[in-house]
Structure formats: structure tokens, C-alpha cells
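Q: Please take one part of this structure and describe it closely for a first-year student. A connected account, moving from that part to its surroundings, would be welcome.

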Amino acid sequence: MEIHNRSEPDTISLENRNYIPFISGVEHIPENEAEDIQAVADMINAIQKAQWNCHRHAFSGTHARTQGLVKGMLKVPDDLPKHLKQSMFAHAGEYPVVCRYSSEPGDPGLDDRIPQPRGFAMKVFGVEGEMFDEGEECPTQDIEFNSTPALDLADAKTTREIIDLRIKYGNNQPEIYKHLEARKDTDLQNFRDTVRNTHLESIRQYSQTAYRFGEYVAKYSLIPSTETQRKLYDETVKPGEHESDILSRWLSNFHETHDAEYELQFQLLENIDDQPVEYVGKV
């Protein structure tokens, strides 16, 4: 697998746009955000404990279903424009990566025939620069993605409310949908059930949330860049024909005979009203 970070043909016009720098005013922390975050952390931990008690194996609180793992290389070219030469992309280089394909919910045994957002994560090795204290001994960078451009867990308060509903009614679909239908953001919450259930190698992936990107703030996306991958978008899961692990099977079969390539693209913050930093339920 190869992942490239390339500049676009209209680099000059993109380089001269008015990108908003990362400053204190960019982020407006909502009321009670710290309490909401702690409550979410406690609930996610409770989900993990429940999975441990059931399987005697540790799973993440979300994206528990692993579809596959692959090794690859992240390539940073030396001709990036100034606004993209940020953080680990400031200098040309190649970084070993391990990539994980996943499905979003906290159920490690989720049936692949059920349409849900799919995840993709890269652990990048050999990254230099300032690290958190916990990561100084192992200089890596995690870059995570989801297959929907907007996130139903749109802010800390919403995340707290939705995770609470999933814990209470996760095994009672009519009840949880009754509560979701009563919400003002019901369309956003139900969108996850309408995603296209297709080959994992054909899916465009998104950061969903905004991140500090050196001097700026950015969202990013991962684009399949080979014709073979793009053609696989037409290959959709058919519940009456395919088995419960069909996505993992397709993924394994692909990597036995093909290499995957992606382009990593960044969208820098230009307008806080159109590109809110705190609310990620908007594309």
C-alpha cells in the first residue's frame, strides 16, 4: 500500500487563499464540555468492560470490528506548497505505516451485510518532532478516518446523549429509533444506516473533525487513486448472496493480487461559519 501527499495543479491559487491560522479564537469551547467528555469516556470504558467480560479480549469502544490490517508506506514529496508544508509534512520523506480497516460500532462481531460507516486508521512510524509525554519513547503519529464526511456524534454534548442511548437500547432497535426520531438531528443520526455498503478499497475516507495542522486548522481525506480501486465501488454487498464476513474476504482477496494507493488531501480552514471547528455534523 502507498499513500501519497501531492500538491494540486492549481497550486498557486490555493497557496494564496486566506487560510485562518491556529489561534485561541478559532476554538469556542461549549459550556460543560469537560463534563460531557468525561461522561463519554466513562461510558466508552463501560462498553469496553462489557466486551471484555463477554469475549475475554480487549476491544476499542468504537470501531471494534477489524476488517483487515495491511502494511504500507506514506510518501511525502518535496514540492508541496508552503501552506501544506506543516507538521510531519514539512519535509520530504517516506514513513512506514500499519493500516487498519474497521467498522464503526462497538460490536466486534458486526455482520458485514449491515450497512454502517467504515473506518480506516494509519499508525505512522519514525515521525520526528515534539511529542506528548506518553509518546516520547515511541515516535508515531495516528491518522484516523471515517467513510462519512460528517459525524453523527457532532459535538461533546451530542456524543454523550447518543452513546447513552446506544448503551440503554442497543439491543432494542425499535426503542432506540423511537428516541432518535424525537431528536432535532434525526436525519444526521439515521444517515449511518443508509451508507453504501461497498468494497472497502473503493471508499473515500474523511477525518470528519478538524485538527490543528501546523500553523493552520484542517480536515483531511483519503482518496483511492488507482482505477482498480475506483471500479470496486460498483461492487456492493448483497445480503441474500454474501456471507457475514464478505468485506474482510474481499479485502484479503484484493491484497493478495493488488497494491492499494491513496492520495491524502487537506482542506484548510477559511471560514469559521461555513467550517465550524466545534460542530462536525456539517460537511
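A: **The second largest pocket and the rest of the fold**

The helix α3 supplies six residues to the lining of the second largest pocket, and this is the largest share. The model is a predicted one. The volume of this pocket is about 960 Å³. A total of 30 residues line the pocket, and those closest to its centre are P105, G106, R166, G170 and Q173. Two or more lining residues come from each of α2 (33-55), α3 (156-169), α4 (173-181) and α5 (186-190). By their numbers, R166 belongs to α3 and Q173 to α4. In chemical character the lining is mixed, with 13 nonpolar, ten polar and seven charged residues.

From the pocket one may turn to the nonpolar cores. The largest of them has 38 residues, and M1, I3 and V124 have the most contacts inside it. Two or more residues of this core are given by each of β2 (65-76), β3 (93-103), β4 (118-125), β5 (140-146), β8 (216-224), α7 (246-257) and β9 (261-268). The greatest contribution, five residues, is that of α7. The contacts of M1 reach several of these elements. Leaving aside residues up to four places away in sequence, M1 touches V70, K71, G72, M73, C99, Y101, F120, E201, H255, A260 and Y262. Apart from this core lies another, of eleven residues, including V40, M43, L165 and L180. Their numbers place V40 and M43 in α2, L165 in α3 and L180 in α4, and these helices also contribute to the lining of the pocket.

Several strands of the largest core are also joined to one another. The strands β2 and β3 are antiparallel and are linked by eleven bridges. Here L69 has R100 of β3 as its bridge partner. On β4, the residue opposite R100 is A121. R100 thus appears in a bridge with L69 and in another with A121. Between β3 and β4 there are seven bridges, again in the antiparallel sense. C99, which is one of the residues touched by M1, has M122 of β4 as its bridge partner. The series continues with β4 and β5, which run antiparallel and are joined by seven bridges. In that pairing, F125 stands opposite T140 of β5.

In summary, α3 leads the lining of the pocket, while α7 leads the contributions to the largest core.

Key:
Residues numbered from 1 in each chain as written. Predicted model: local features only at pLDDT ≥ 70, side-chain atom pairs only at ≥ 80, totals over all residues. Heavy atoms only, no water. Core = buried A, V, L, I, M, F, W, Y, C linked by side-chain atoms within 4.5 Å. Buried < 20%, exposed > 50% of the residue type's maximum accessible area, 1.4 Å probe, protein only. Helix = DSSP H or I, 4+ residues; strand = E, 2+ residues; numbered from the N terminus. Contact = heavy atoms within 4.5 Å. Pairing = 2+ DSSP bridges. 1 Å grid on protein atoms, 1.4 Å probe; cavity = no way out; pocket = protein on both sides within 12 Å on 5 of 7 lines; lining within 4 Å. Points joined across faces, edges and corners; volume = space filled by probe spheres on them. Nonpolar A, V, L, I, M, F, W, Y, C, P; charged D, E, K, R; others polar.
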